[in-house]
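Trainee: I have a new protein model open and would like to walk through it with you. Could we begin with one strand and work outwards from there?

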Amino acid sequence: MALGADATVDIGADGDLRLGPWVELRTSSDAMIGGELQITGLPRKLDMFWYEGRGVLALRAGGNRDLATAAIAYGYQAPWDLMRPRHGATRYMIGVRVVATATQAIDDPRIWSATLGVETEPVGALRYLLGVRSWY
């Protein structure tokens with residue numbers, strides 16, 4: 001089990017390329033830190049869950065003093081607001097991704113693991129599921 005966070009900034013002219021750090025707390029090792037590259041708009045329009053969103057591909061690499069890790073994730077991301085649509089930098093994004101991760105020990109490359117999981121944005125998901133207007 002893991003709990004992670006990332007923060008990316010736009011590095012492309014059209015907003016479809018983002019770069020930034022990520023951190024992940026795992027139950028199986030010390031915290032992992034690294035970098036993340038996101039490519040959005042794959043496809044540019046993707047209608048799911050009653051909201052027009054887009055596909056997102058995320059690539060991560062990093063580690064800690066004992067392990068190196070890499071991940072690839074693909075999923076759905078959409079701007080969402082319970083009361084009204086928002087545009088620009090102030091919009092709130094909600095989404096879900098499927099992620100495949102490979103981790104290898106630095107001192108012994110024969111020790112490795114691979115996982116497949118689901119990532120979601122829990123605060124936005126709870127807001128959506130419970131319809132909590134006061135969280136806006």
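Mentor: Let us begin with Leu3, which is found in strand E1, covering residues 2–6. Keep in mind as we go that this is a predicted model.

Trainee: Is Leu3 buried or exposed?

Mentor: Leu3 has a relative accessibility of 59%, and because the cut-off for exposed is over 50%, Leu3 counts as exposed.

Trainee: Which residues make up the nonpolar surface patch with Leu3?

Mentor: Leu3 shares that patch with Val23, Leu25 and Ile33, and together they make a nonpolar surface of about 390 Å².

Trainee: Okay, and which strand does E1 pair with?

Mentor: E1 pairs with strand E3, which spans residues 17–26, in the antiparallel sense and over five bridges. As one example from that pairing, Ala2 has Arg26 in E3 as its bridge partner.

Trainee: Which residue forms a salt bridge with Arg26?

Mentor: That partner is Glu24, and the closest N and O atoms of the two residues are 2.5 Å apart. Both Arg26 and Glu24 are buried.

Trainee: Why can two side chains like that pair up at all?

Mentor: In general, side chains of opposite charge can pair when their charged atoms come close.

Trainee: Let me stay with E3 for a moment. How many bridges does E3 form with E2, and how many with E4?

Mentor: Strand E2, residues 9–10, pairs with E3 in the antiparallel sense over two bridges, while E3 and E4 pair in the antiparallel sense over eight bridges. In the first of these pairings Asp10 has Arg18 in E3 as its bridge partner, and in the second Trp22 is matched with Gly34 in E4. You can also find Leu17 standing opposite Ile39 in E4.

Trainee: What sits between those strands along the chain?

Mentor: The hairpin of E2 and E3 has six residues between its strands, and in that hairpin Gly15 takes a positive phi near 80°. The hairpin that joins E3 to E4 does so through five residues.

Trainee: Changing topic, how many salt bridges are there in total?

Mentor: The count comes to eight salt bridges. A good one to look at next is the pair Glu36 and Arg60, whose side chains meet at 2.7 Å, N to O. This pair links distant parts of the chain, since Glu36 lies in strand E4 (residues 32–40) and Arg60 in strand E6 (residues 51–63), 24 residues apart. Glu36 and Arg60 are both buried.

Trainee: Which other residue does the side chain of Arg60 meet in a salt bridge?

Mentor: The side chain of Arg60 also meets that of Glu119 in a salt bridge, at 2.6 Å from N to O. Glu119 lies in strand E9 (residues 112–120) and Arg60 in strand E6, so this pair ties together parts that are 59 residues apart in sequence.

Trainee: Why does Arg60 count as buried?

Mentor: Arg60 has a relative accessibility of 10%, and because buried means under 20%, Arg60 falls in that class. Salt bridges that share partners then join Arg60 with Asp6, Glu36, Arg97 and Glu119 into one network.

Trainee: What about Gln38, where is it placed and which side chain does it touch through a polar contact?

Mentor: Gln38 is in strand E4, and its side chain is joined to that of Glu36 by a polar contact of 3.3 Å. Gln38 is buried, because its relative accessible area is 4%.

Trainee: Which residues farther off in sequence is Gln38 in contact with?

Mentor: Leaving aside its neighbours within four places in sequence, Gln38 is in contact with several residues, including Asp6, Thr8, Leu17, Val56 and Arg97. Two of those names, Asp6 and Arg97, you have already met in the salt-bridge network.

Trainee: Can we zoom out now? How many helices and strands are there in the protein?

Mentor: There are one helix and nine strands, and reading along the sequence you meet the pattern β-β-β-β-β-β-β-β-β-α. Of the 136 residues in the protein, 30% are buried.

Trainee: How much of the accessible surface belongs to carbon and sulfur atoms?

Mentor: The accessible surface comes to about 8700 Å², and 65% of it belongs to carbon and sulfur atoms. As for the contacts between residues at least 6 apart in sequence, 45% of them join residues at least 24 apart.

Key. Residues numbered from 1 in each chain as written. Predicted model: local features only at pLDDT ≥ 70, side-chain atom pairs only at ≥ 80, totals over all residues. Heavy atoms only, no water. Helix = DSSP H or I, 4+ residues; strand = E, 2+ residues; numbered from the N terminus. Buried < 20%, exposed > 50% of the residue type's maximum accessible area, 1.4 Å probe, protein only. Contact = heavy atoms within 4.5 Å. Areas by Shrake-Rupley, 256 points an atom, 1.4 Å probe, with all protein chains shown as cover. Patch = residues over 30% accessible without salt bridge, like charges linked within 9 Å, V, L, I, M, F, W, Y side chains within 5 Å. Salt bridge = Lys/Arg side-chain N within 4 Å of Asp/Glu carboxyl O. Pairing = 2+ DSSP bridges. Polar contact = N/O pair within 3.5 Å; in protein donor to acceptor, adjacent residues only side chain to side chain.
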